[in-house]
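The exercises below are meant to be worked with the sequence and the structure in view. Each one sets a task and then goes through a solution step by step.

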Amino acid sequence: MPDRSMSALASSRFPFRFWLPSLLVAISGLLGSYALWRHQQSSTMAMAEMRLEQEASAFTQAIQRRFQSYMDILSGLQGVLKLNPQLQRRDFERLVGNMEL
């Protein structure tokens, strides 16, 4: 029985019209927090994707540079073999060893 009198007392002291602004502020705060959380989550994902793309691009460029350097070496060795088609194996190995690959 004391619960009914307290609830009756509480409802008479604080009618719904006094709770409504507080309830609206709480709901708007929750909605605002959720919107900010979603925005932060999407920003984080966008940054992670951008970082991945940059790293992939840097890796691709490094591979392309390395491949081009190998092509340059092969082109140079092809030129040596064209100049001297009778080049002996030991001379070729010495030439490649002196290139410091």
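**Exercise 1. Find the partner of Arg94 in a salt bridge, and place both residues in the chain.**

Solution. Step one is the contact: Arg94 and Asp91 form a salt bridge, with their closest N and O atoms 2.2 Å apart, where a salt bridge means a side-chain nitrogen of Lys or Arg within 4 Å of a carboxyl oxygen of Asp or Glu. Step two is the position: Arg94 and Asp91 are about one helical turn from each other, because they are three residues apart in helix α3. Helices here are DSSP runs (H or I, at least four residues), numbered from the N terminus. Step three is the cover: Asp91 is partly exposed, at a relative accessible area of 24%, on a scale where buried means under 20%, exposed over 50% and partly exposed in between (1.4 Å probe, protein chains only).

Before going on, note that this is a predicted model, in which local features need pLDDT of at least 70 and side-chain atom pairs count only at pLDDT 80 or more, while totals for chains, interfaces and linings use all residues. Residues are numbered from 1 along each chain as its sequence is written, and side-chain values use heavy atoms, with hydrogens and water left out.

**Exercise 2. How many salt bridges does a search of the whole structure find?**

Solution. The search finds two. Besides the pair already described, the side chains of Glu93 and Arg89 meet in a salt bridge (3.1 Å, N to O). Glu93 and Arg89 lie four residues apart in helix α3 (residues 89-98), about one turn of the helix. Residues three or four places apart point the same way, because an α-helix has 3.6 residues a turn. As for cover, Glu93 is partly exposed at 45%, whereas Arg89 counts as exposed at 66% relative accessibility. Helix α3 as an element is hardly covered, with zero buried residues among its ten.

**Exercise 3. Which residues form the aromatic pair, and how are their planes set?**

Solution. Begin with the rule: rings of Phe, Tyr and Trp (its six-membered ring) pair if their centres lie within 6.5 Å, and planes under 30 degrees apart count as stacked, over 60 as edge-to-face and the rest as tilted. The count by this rule is one aromatic pair. Tyr34 and Trp37 make up this tilted pair, at 5.8 Å centre to centre with 40° between the planes. Both residues belong to helix α2, three residues apart, and Trp37 is partly exposed at 48% relative accessibility.

**Exercise 4. Describe the chain as a whole, and where the prediction is least confident.**

Solution. First count the elements: the chain has three helices and zero strands, in the pattern α-α-α along the sequence. Next consider burial, where buried residues make up 1% of the 101 residues. Last comes confidence, expressed as pLDDT, the predictor's confidence in each residue from 0 to 100. The mean pLDDT of the chain is 87, and 86% of its residues reach 70 or more. Among the elements, helix α1 (residues 2-13) has the lowest mean pLDDT, 55, and α2 the highest, 94. Where pLDDT is low, the predicted coordinates should not be read in detail.

Note on methods. Helix = DSSP H or I, 4+ residues; strand = E, 2+ residues; numbered from the N terminus.
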